[in-house]
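Reader: I would like to learn how to read a model like this one, feature by feature. Could you take me through it slowly?

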Amino acid sequence: GESDAQRLVSAHIRLGPKHTSNYVTLPKDALEAAFHCIDKALEPPARVLFLATDSPEIRLEAQRRYGSRAIFQNVPVAHTGEQHGIRGAPAVDDNGLPRSECAVAGAMVDWWMLAQASIAILTDASSFGYSALALSLYNGTLPVTIGKSTRFGECPRTVWEGHRCHGRSC
């Protein structure tokens with residue numbers, strides 16, 4: 001059978017744009033494409049999903065779709081780039097309060113857990129997931145990368161910001 005690492009699928013679905021860098025929210029079609037890729041990765045019933053997301057709604061949808069096979073932290077969201085104040089992005093939560101240590105620690109746990117999986121589905125143009133998977137990129141395993149234009153049924157294995165291997169999916 002599969003090892004623990006082989007049974008773990010990780011997904012980083014970054015919606016934004018609340019607090020960092022004014023990222024554009026992924027459109028509904030791209031979200032459905034992401035869930036399709038997660039569905040495919042979870043086809044062996046023993047596999048489980050670790051989900052890192054900045055969206056409570058995405059957590060609920062994953063729980064609805066995958067039940068106990070979906071694992072995620074129930075901690076406040078902390079965007080790790082927000083300390084820079086890029087384009088006016090404040091280092092505060094939805095209530096205007098400074099981020100807590102719990103939220104920042106939760107982000108670091110998410111980052112570490114993303115790195116443990118043998119299969120990863122990442123949001124394009126967010127360095128959080130890519131940096132967690134830096135080692136696997138050198139081992140020839142590229143993550144599935146969901147961008148704003150990813151269509152349902154596509155699960156492209158690409159590197160940061162949609163650059164593909166010689167114009168094709170890797």
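Reader: Which residue follows α3, and what is the sign of its phi?

Author: Helix α3 is followed by Gly67, and the phi of Gly67 is positive, near 55 degrees. Helices here are DSSP runs of H or I with at least four residues, strands are runs of E with at least two, and both are numbered from the N terminus. Gly67 itself sits in the loop between α3 and β3, and its C-alpha atom is separated by 9.9 Å from that of Val48, 19 residues away along the chain. This is a predicted model, in which local features need a pLDDT of at least 70 and side-chain atom pairs count only at pLDDT 80 or more, whereas totals for chains, interfaces and linings use all residues. Residues are numbered from 1 along each chain as its sequence is written, and side-chain values use heavy atoms, with hydrogens and water left out.

Reader: Is Gly67 buried, exposed or partly exposed?

Author: Such words rest on relative accessible area, found with a 1.4 Å probe on protein chains only: buried means under 20%, exposed means over 50%, and partly exposed is in between. Gly67 has a relative accessible area of 30%, so it is partly exposed. Over the protein chain of 170 residues, buried ones make up 43%.

Reader: Which residues of helix α3 are buried, and where do they lie around the helix?

Author: In α3, which spans residues 56–66, the buried residues are Ile58, Arg59, Ala62 and Tyr66. Viewed down the helix axis, they fall within an arc of 105 degrees (taken from the directions that run from the axis to the C-beta atoms), so they line one face of α3. Glu57, Leu60 and Arg64, on the other side of the helix, are exposed.

Reader: What do the buried residues of α3 pack against?

Author: They pack against β1 (8–13), α2 (28–41), β2 (48–53) and β3 (70–71). A contact, in this reading, means heavy atoms within 4.5 Å. Leu49 gives an example: leaving aside neighbours within four places in sequence, its contacts include Ala62 and Tyr66, as well as Ile38 and Ile71.

Reader: How many residues has the largest nonpolar core, and which have the most contacts inside it?

Author: A nonpolar core is a set of buried Ala, Val, Leu, Ile, Met, Phe, Trp, Tyr and Cys residues that are joined through side-chain atoms within 4.5 Å. The largest one here has 23 residues, and those with the most contacts inside it are Ile13, Ile38, Leu49, Tyr66 and Ile121. At least two residues each come from β1, α2, β2, α3, β4 (119–123) and β5 (144–146), and the largest share, 7 residues, is that of α2. A second, separate core has 8 residues, among them Ala107 and Phe128.

Reader: Where is Ile13, and what does it touch?

Author: Ile13 belongs to strand β1, and it is buried, with a relative accessible area of 2%. Beyond four places in sequence, the residues that Ile13 touches include Leu31, Ile38, Thr53 and Thr123. Thr53 is 40 residues away along the chain, yet the C-alpha atoms of Ile13 and Thr53 are separated by 5.0 Å.

Reader: How many aromatic pairs does the structure hold, and how is such a pair described?

Author: A pair of rings is described by the distance of the centres and the angle of the planes. Rings of Phe, Tyr and Trp (its six-membered ring) pair if their centres lie within 6.5 Å, and planes under 30 degrees apart count as stacked, those over 60 as edge-to-face and the rest as tilted. The structure holds 1 aromatic pair: Phe35 and Tyr66 are tilted, with 6.4 Å between centres and 35 degrees between planes. Phe35 lies in helix α2 and Tyr66 in helix α3, 31 residues apart, and both are buried.

Reader: Which parts have the lowest and the highest mean pLDDT?

Author: The predictor's confidence in each residue, from 0 to 100, is its pLDDT. Among the elements, helix α6 (residues 134–138) has the lowest mean, 58, and β3 the highest, 96. For the protein chain the average is 75, with 67% of the residues scoring at least 70. Residues 84–89 are below 50, and residues 161–170 stay under 50 as well. Where pLDDT is low, the predicted coordinates should not be read in detail.
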